[in-house]
Amino acid sequence: MTGLSEQISALLENGKLNIEQRLELLQYRSLIFVSKLAANLVTNIIMSVCILLAFLFGTITLGFLFSDLFNSYTAGFGGLTIFYLIIATVVFSKRISFIEKMLINISIRKLMHKYFDDELKSKEL
């Protein structure tokens, strides 16, 4: 009977070690996933700020161009404002049916693509 109890204790010890290693692997994978998610968030914020600044300066430049064409600052910047109001109205009316779904799908696809690429690479190793 001592042989059987030794085998059972060895089996339990191996099971315990296996569970500890799986939990450690889960911790590392979670850490990697959260780190990549944070890095992705930071780079997207930086890109958004840069795009916003480019758009802002482009809009000011376009306002001055229209002002020069109309020979009036009020007419140039007013015309640009009306143009942006028309665009905002169209976007607001189509946001639920098209734009929000598209942005959600792009975000999910981007995150899942990164996650599954990493999973495939780790399985290949």
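These are my notes on a pocket, a threonine and some aromatic rings in a predicted model.

**Pocket**

I looked up the second largest pocket, which holds about 170 Å³ of space. Which helices supply its lining? Helix H1 (2–70) and helix H2 (73–124) each give at least two residues. H2 has the largest share, with five residues. I wrote down the lining: Leu37, Asn40, Leu41, Asn44, Leu103, Ile106, Ser107, Lys110 and Leu111. Sorted by class, that lining has five nonpolar, three polar and one charged residues.

**Thr81**

Next I went to Thr81, which sits in helix H2. Is Thr81 buried or exposed? Neither, as it turns out: its relative accessible area is 44%, so I put Thr81 down as partly exposed. I also checked Thr81 against Thr59: they are 22 residues apart in sequence, and their C-alpha atoms are 9.8 Å apart in space.

**Aromatic rings**

How many aromatic pairs does the whole structure have? My search of it turned up five. In one of them, Phe64 and Tyr73 meet edge-to-face, 6.0 Å centre to centre with 85° between the planes. Phe66 and Phe70 have ring centres 6.4 Å apart and planes at 40°, so I noted that pair as tilted. These two are four residues apart in helix H1, so about one helical turn separates them.

I looked at exposure too. Tyr73 comes out at 60% relative accessibility, over the 50% cut-off, so it counts as exposed. Phe64 has 44% and is therefore partly exposed, and Phe66, with 25%, also counts as partly exposed.

Last entry: Phe55, Phe83 and Tyr84 make up one aromatic cluster.

How values were computed. Residues are numbered from 1 along each chain as its sequence is written. This is a predicted model: local features need pLDDT of at least 70, side-chain atom pairs count only at pLDDT 80 or more; totals for chains, interfaces and linings use all residues. Side-chain values use heavy atoms; hydrogens and water are left out. On a 1 Å grid over the protein atoms alone, a cavity is a set of points where a 1.4 Å probe fits but cannot get out, and a pocket is an open set with protein on both sides within 12 Å along at least five of seven lines; lining residues have an atom within 4 Å of a point. Grid points are joined across faces, edges and corners, and a volume is the space filled by probe spheres set on the points. Ala, Val, Leu, Ile, Met, Phe, Trp, Tyr, Cys and Pro count as nonpolar, Asp, Glu, Lys and Arg as charged, and the others, Gly among them, as polar. Buried means under 20% relative accessible area, exposed over 50%, partly exposed in between (1.4 Å probe, protein chains only). Rings of Phe, Tyr and Trp (its six-membered ring) pair if their centres lie within 6.5 Å; planes under 30 degrees apart count as stacked, over 60 as edge-to-face and the rest as tilted.
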